[in-house]
Amino acid sequence: MTYVDVFVAAVPHKNKAEYIRHAEAFAKMFKRQGAIAYSEAWGDDVPDGTVTSMPMAVQKTEDEDVVVGWTIWPDKTTRDAGWAAAESDPTMAEFGSTMPFDGKRMIYGGFNQIVSG
């Protein structure tokens, strides 16, 4: 069964170009590790909520935008092996300590895909 990793993060406006470079490198890395697809999207119409919302979930500040991303894997076994291999990939070493956003406010999870159009 197809497996999907999903995340939501807040990224400073000023770091957009650096973030895109970071995302492109991670896309290549996860594809090397067996991912079927890797996508990220920069928020354009992400409203604040009163009870909950994406901006609230990542504690977005006025100088940040919400970014979402997802990686599609053939199955959870490939995903688990891909993440394990990514730990020793040079991309992780390059970006590990210089993330262009606050990773502590990122939310993420893995999901079994139930519908695909």
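Here is a short chat about the sheet, one helix residue and the aromatic rings of this predicted model.

Me: Before we start, what do the values rest on?
Reply: It's a predicted model, where local features need pLDDT of at least 70, side-chain atom pairs count only at pLDDT 80 or more, and totals for chains, interfaces and linings use all residues. Residues are numbered from 1 along each chain as its sequence is written, and side-chain values use heavy atoms, with hydrogens and water left out.

Me: Cool. What's the strand order in the open sheet?
Reply: The 4 strands go 2-3-1-4, with antiparallel pairing. Strands are DSSP runs of E, at least two residues, and helices are runs of H or I, at least four, numbered from the N terminus; two strands pair if DSSP finds at least two bridges between them.

Me: And which strands stand at the edges?
Reply: Strand 2 (37–42) and strand 4 (107–112) do; each has a single partner strand, so one side of each is left without a neighbour in the sheet. The twist averages 15° from one strand to the next.

Me: How many bridges join strand 1 to strand 4?
Reply: There are 6, and the two strands run antiparallel. Val8 stands opposite Ile107 in strand 4.

Me: Where does helix 1 lie?
Reply: Helix 1 (residues 16–32) lies across strand 1, strand 2 and strand 3 (64–73), at about 165° to strand 2. Axes are lines fitted to C-alpha atoms, for helices over the stretch in contact (heavy atoms within 4.5 Å), and angles run from 0 to 180 degrees between N-to-C directions.

Me: New topic: is Thr91 buried or exposed?
Reply: Thr91 is buried, with a relative accessible area of 9%. Buried means under 20%, exposed over 50%, partly exposed in between, using a 1.4 Å probe and protein chains only. Thr91 lies in helix 4 (residues 90–95).

Me: What does Thr91 touch?
Reply: Not counting residues up to four places away in sequence, Thr91 touches Ala25, Phe26, Met29 and Arg32.

Me: Now the rings. How many aromatic pairs are there?
Reply: The count is 6, with rings of Phe, Tyr and Trp (its six-membered ring) pairing if their centres lie within 6.5 Å; planes under 30 degrees apart are stacked, over 60 edge-to-face, the rest tilted. Phe26 and Phe30 make a tilted pair, 6.2 Å centre to centre with 50° between the planes.

Me: And how buried is Phe30?
Reply: Phe30 counts as buried at 3% relative accessibility. Phe30 also forms a stacked pair with Tyr38, at 5.9 Å and 20°.

Me: Which residues do ring pairs link into a cluster?
Reply: Phe26, Phe30, Tyr38, Trp73 and Trp83.
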